[in-house]
Amino acid sequence: MHKLELDTPQLLIDWDVMQRNITTMQKCADNAGVKLRPHTKTHKTPRISHLQQKAGAKGITVAKLGEAEVMNAGGADDILIAFPLQGAPKMERLLHLAERANVRVSLDSRKVAQDISDAAQARGKKVGVYVEVDVGLGRVGAAHHEGARDLVREIVELPGIDFLGVMTHAGHTYKAKTLEEIKQLAHQEGEWMVETADMIRADGIQVREVSVGSTPTARFAAQVNGVTEIRPGTYVFYDTTQVLKFACDWADCAQTVLATVVVKHPDRLILDCGSKTLSSDTAPNGLYGTVKGFPHLEIWRLSEEHANVRINGDGPLPNIGDKVEIIPAHACVVMNLHDSFLATRNDETIGEFEIQARGKIR
Ligand SMILES: Cc1ncc(COP(=O)(O)O)c(C=O)c1O
């Protein structure tokens with residue numbers, strides 16, 4: 001069916017554009033001699049993960065145990081859970097998953113390391129661990145250099161863990177204003193991580209992985225000598241934010257939401273998709289997405305089911321009943337709002353896929 005015949009709102013993924021994004025990022029990793037461990041929180045869909053692995057990715061990254069379980073059921077057997085796990089139920093599930101997959105976990109405290117070690121030791125196992133390092137985001141992470149080195153000293157002898165290396169997520173680069181700034185932060189990300197790894201090695205401790213990456217920085221941080229792995233996620237679809245952060249062009253955006261114009265006034269249009277469809281995340285321009293082919297239309301306010309579109313400038317306007325495609329502000333959160341998506345090729349639908357790991361918040 002042609003996409004313009006679909007009922008709306010409808011989440012669409014342009015399959016060829018997505019495949020091109022997968023191939024391009026893989027080439028970038030291969031050329032730099034690093035592994036690509038994509039973050040699957042963006043697509044939350046085992047079928048897309050298979051395509052990433054087929055292209056050459058080595059393992060996956062997830063944020064949640066629930067995502068890990070879905071991806072494992074879908075065939076993933078090398079999984080980094082990039083989240084400090086806490087509580088007995090999670091330890092139980094982690095060790096259960098570790099029976100079925102090569103699982104590694106990131107953490108930034110002695111407490112989390114101890115809990116994982118205790119749970120693993122009780123089952124006669126070891127769980128692979130990355131120490132997370134903060135290079136500027138100010139979220140999870142021991143301080144780079146001495147802070148991370150000191151934490152590794154504290155945990156490396158714990159019997160139930162296998163210290164594999166260090167990782168970081170340079171999410172602060174989303175605040176950068178220019179490509180030059182992003183490049184500079186990406187180099188700093190890579191260099192601080194390699195220097196931190198070297199400090200740990202100076203203690204005689206093996207550091208096998210130096211894992212970095214966000215979508216804006218991955219292609220630059222991958223170039224830093226000593227980095228072993230990159231973990232971008234959003235690159236698989238890209239979005240309005242990624243275009244405005246210089247990570248891609250509009251033509252690389254594989255994810256769109258098809259919507260219908262339901263109200264037309266001289267100053268505004270209303271579309272049939274609100275925060276329940278597009279999420280409440282905005283792009284760096286303060287807008288909730290980009291209306292493809294209509295640069296003078298600005299989605300500036302959302303209600304739950306309505307997108308309020310400001311007409312800012314001259315140009316053709318769609319009429320009531322016309323359909324438009326929106327490139328969302330943030331692809332990952334949009335996937336979490338939908339049960340399934342339709343894959344398209346040359347504007348025709350080619351299949352429907354369930355977003356199996358949506359809603360897996362535990
Ligand atoms: C730990 C970690 N690694 C990798 C990524 C992927 O980054 P991006 O969304 O920029 O592709 C994220 C994103 O939130 C993350 O939290």
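Guide: A residue is called buried when its relative accessible area is under 20%, exposed when that area is over 50%, and partly exposed in between. The values below come from a predicted model.

Visitor: Why does Lys35 count as partly exposed?

Guide: The relative accessibility of Lys35 is 30%. Partly exposed is the class between under 20% and over 50%, so Lys35 belongs there.

Visitor: What makes Glu209 count as buried or exposed?

Guide: Its relative accessibility does. Glu209 has 7%, and buried means under 20%, so Glu209 is buried.

Visitor: How do you know that the side chains of Glu209 and Lys35 meet in a salt bridge?

Guide: The rule asks for a side-chain nitrogen of Lys or Arg within 4 Å of a carboxyl oxygen of Asp or Glu. Between Lys35 and Glu209 the N to O distance is 2.4 Å, so the pair qualifies.

Visitor: Why is this pair said to tie parts together?

Guide: Glu209 is in strand 9 (residues 209-212), whereas Lys35 is in strand 2 (residues 35-36), so the salt bridge joins parts that are 174 residues apart in sequence.

Visitor: How many salt bridges does the rule give?

Guide: The count is 21.

Visitor: What makes Arg123 and Glu92 a salt bridge?

Guide: Their closest N and O atoms are 2.9 Å apart. The limit is within 4 Å, so this pair also passes. The two residues come from distant parts of the chain, 31 residues apart. Glu92 sits in helix 4 (residues 88-100), and Arg123 in the loop between helix 5 (110-122) and strand 6 (127-134).

Visitor: Are Arg123 and Glu92 buried or exposed?

Guide: Neither word fits. Arg123 has 35% relative accessibility and Glu92 has 48%. Buried needs under 20% and exposed needs over 50%, so both are partly exposed.

Visitor: How do you know that Arg208 forms a salt bridge with Asp162?

Guide: The closest N and O atoms of Arg208 and Asp162 are 3.2 Å apart, and the rule accepts a pair within 4 Å. Arg208 is in the loop between helix 7 (179-201) and strand 9, and Asp162 is in strand 8 (residues 161-167), with their positions 46 residues apart in the chain. Arg208, at 39% relative accessibility, is partly exposed, and Asp162, at 29%, is partly exposed as well.

Visitor: What makes Arg149, Asp150, Arg153 and Asp203 one network?

Guide: They are joined by salt bridges that share partners.

Visitor: How much space lies in the largest pocket, and which residues lie nearest its centre?

Guide: The largest pocket holds about 920 Å³. Its lining has 40 residues, and His39, Lys41, Arg139, His169 and His330 are nearest the centre. By type, the lining has 15 nonpolar, 14 polar and eleven charged residues.

Visitor: Which parts of the chain supply the lining of the largest pocket?

Guide: Helix 9 (240-244) and helix 11 (331-337) each give at least two residues. Helix 11 gives the most, with three. Domain 1 (3-10 + 249-354) and domain 2 (16-237) each provide at least three residues of this lining.

Visitor: What lines the second largest pocket?

Guide: The second largest pocket has about 180 Å³ of space. Its lining consists of Arg20, Asn21, Thr24, Met25, Cys28, Arg219, Tyr238, Ala247 and Asp252. Helix 1 (residues 15-32) supplies the largest share, five residues.

Visitor: Why are three residues of that lining called charged?

Guide: Asp, Glu, Lys and Arg count as charged, so Arg20, Arg219 and Asp252 fall in that class. The remainder divides into four nonpolar and two polar residues.

Note on methods. Residues are numbered from 1 along each chain as its sequence is written. This is a predicted model: local features need pLDDT of at least 70, side-chain atom pairs count only at pLDDT 80 or more; totals for chains, interfaces and linings use all residues. Side-chain values use heavy atoms; hydrogens and water are left out. Helices (H or I, at least four residues) and strands (E, at least two) are DSSP runs, numbered from the N terminus. Buried means under 20% relative accessible area, exposed over 50%, partly exposed in between (1.4 Å probe, protein chains only). On a 1 Å grid over the protein atoms alone, a cavity is a set of points where a 1.4 Å probe fits but cannot get out, and a pocket is an open set with protein on both sides within 12 Å along at least five of seven lines; lining residues have an atom within 4 Å of a point. Grid points are joined across faces, edges and corners, and a volume is the space filled by probe spheres set on the points. Domain bounds come from an automatic or database domain assignment.
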